[in-house]
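Biologist: Please go through this structure with me, and state the criteria as they arise.

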Amino acid sequence: MKAVHFGAGNIGRGFIGETLASNDFSIDFVDVNDTIISALQERHEYEIELAATGQEKIRVKNVDGINNGKEPEKVVTAIAEADIVTTAIGPKILKFIAPLIADGLVARKQQNNTQKLDVIACENMIGGSDHLKTEVYKSLDDENKAFVDEYIGFPNAAVDRIVPLQKHDDPLMVSVEPFKEWVIDESQMARPELKLAGVEYAQDLEPFIERKLFSVNTGHATVAYTGKALGYETIGDAIKDERVLEQLKGVLSETGDLLIAKWGFDRAGHEAYQQKIIERFENTYISDTIARVGRTPIRKLGFDERFIRPIREIKERGLTYEKLLETVGKIYQFDVLEDDESVKLLQMLKEKFSEVVVKTTGLRDKNLIDEIAGTLTQEFV
């Protein structure tokens with residue numbers, strides 16, 4: 001079977017590509033990175049290294065590359081013949097690849113290819129495939145929309161695998177943690193009979209997406225911002241500090257109470273999940289820089305992002321969000337000159353802080369705005 005995957009970066013090769021290849025798919029990786037695409041075209045295979053004791057190697061074969069900036073027609077042809085289409089390209093880039101995906105789906109119609117197809121956005125966001133579908137439909141007329149409605153699915157997915165900052169002489173080599181989780185919303189699939197080994201399927205994906213976002217993403221960022229405030233440069237060094245570890249545990253306890261109350265997760269099972277997350281962050285083989293994990297602080301302060309959303313929902317339920325609030329205060333002090341959003345945020349802090357909170361979080365709850373403003377150190381008040 002044939003797969004088209006948008007995004008030949010570390011997650012694309014080290015997670016989605018590995019899973020597809022292990023299910024006997026040939027894979028056309030689509031990207032604008034000439035170095036990676038040229039290497040894929042030349043070698044048709046690459047190697048993954050597990051970031052753990054033993055550093056096991058996994059070889060991924062039967063792959064190719066297409067530069068969508070130079071050869072868009074080849075991407076269209078590949079989609080017209082594909083059995084599955086996936087992305088791991090970044091939420092902000094989905095709108096740019098959507099017209100090309102639309103052209104590929106139209107090509108399927110023109111070729112009378114009525115084999116049903118699922119297009120799955122494996123992005124670090126809630127409702128990624130829904131968002132991609134909306135963008136794709138902007139490039140379709142009513143007739144082609146009817147075809148897509150009948151034959152194409154856009155099932156949402158939740159993905160989780162840490163890929164540390166790395167540098168290899170081989171442009172295709174990628175190191176990934178052993179843990180991986182990919183969950184697909186089966187209820188949204190056009191071709192539910194095509195199941196991938198190593199992938200979980202659920203009738204309701206939202207609990208899994210929120211569990212990952214409010215545990216892994218919120219937790220990882222908590223270590224970064226707390227560690228930065230204490231002068232650390234890497235996640236691995238920061239989490240060795242008992243103060244950072246306790247802050248992480250406190251945040252996970254608060255988001256855990258929310259997830260259990262909202263979705264009915266078993267408490268013992270969820271606490272085991274949280275402990276696994278802590279162990280992943282403590283894995284010295286995947287330690288990342290605090291600057292990279294904490295980057296784009298303004299985005300991470302968003303209304304529906306990993307801190308403000310759980311705080312809002314926890315407050316609605318009358319639960320505790322003290323540790324989350326403390327961490328949000330540390331985000332506003334994230335001072336990394338190489339990060340444009342960090343620089344912009346520090347510039348904004350010259351204004352009245354409560355106004356900055358409104359601008360960055362989108363909150364209208366005056367009490368909550370005041371609570372966040374109260375977390376800032378006297379240096380900015």
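Modeller: Axes are lines fitted to C-alpha atoms, for helices over the stretch in contact, and angles run from 0 to 180 degrees between N-to-C directions. Helices (H or I, at least four residues) and strands (E, at least two) are DSSP runs, numbered from the N terminus. This is a predicted model: local features need pLDDT of at least 70, side-chain atom pairs count only at pLDDT 80 or more, and totals for chains, interfaces and linings use all residues. Residues are numbered from 1 along each chain as its sequence is written, and side-chain values use heavy atoms, with hydrogens and water left out.

Biologist: At what angle do α9 and α10 pack?

Modeller: The pair comprises α9 (residues 242-263) and α10 (residues 267-282). Their axes lie 11 Å apart, and the packing angle is about 145 degrees.

Biologist: Which helix gives the most residues to the largest nonpolar core?

Modeller: A nonpolar core is a set of buried (under 20% relative accessible area, 1.4 Å probe, protein chains only) Ala, Val, Leu, Ile, Met, Phe, Trp, Tyr and Cys residues joined through side-chain atoms within 4.5 Å. The largest has 54 residues, and Val-328 is one of those touching the most other members. With 8 residues, the greatest contributor is helix α9.

Biologist: Which side chain forms a polar contact with that of Thr-87?

Modeller: Thr-87 lies in strand β6 (residues 84-87) and is buried, at a relative accessible area of 0%. A polar contact is a pair of N or O atoms within 3.5 Å; within protein, one must be able to donate a hydrogen and the other to accept it, and residues adjacent in sequence count only if both atoms are side-chain atoms. At 2.7 Å, the partner is Glu-123.

Notes
Buried means under 20% relative accessible area, exposed over 50%, partly exposed in between (1.4 Å probe, protein chains only).
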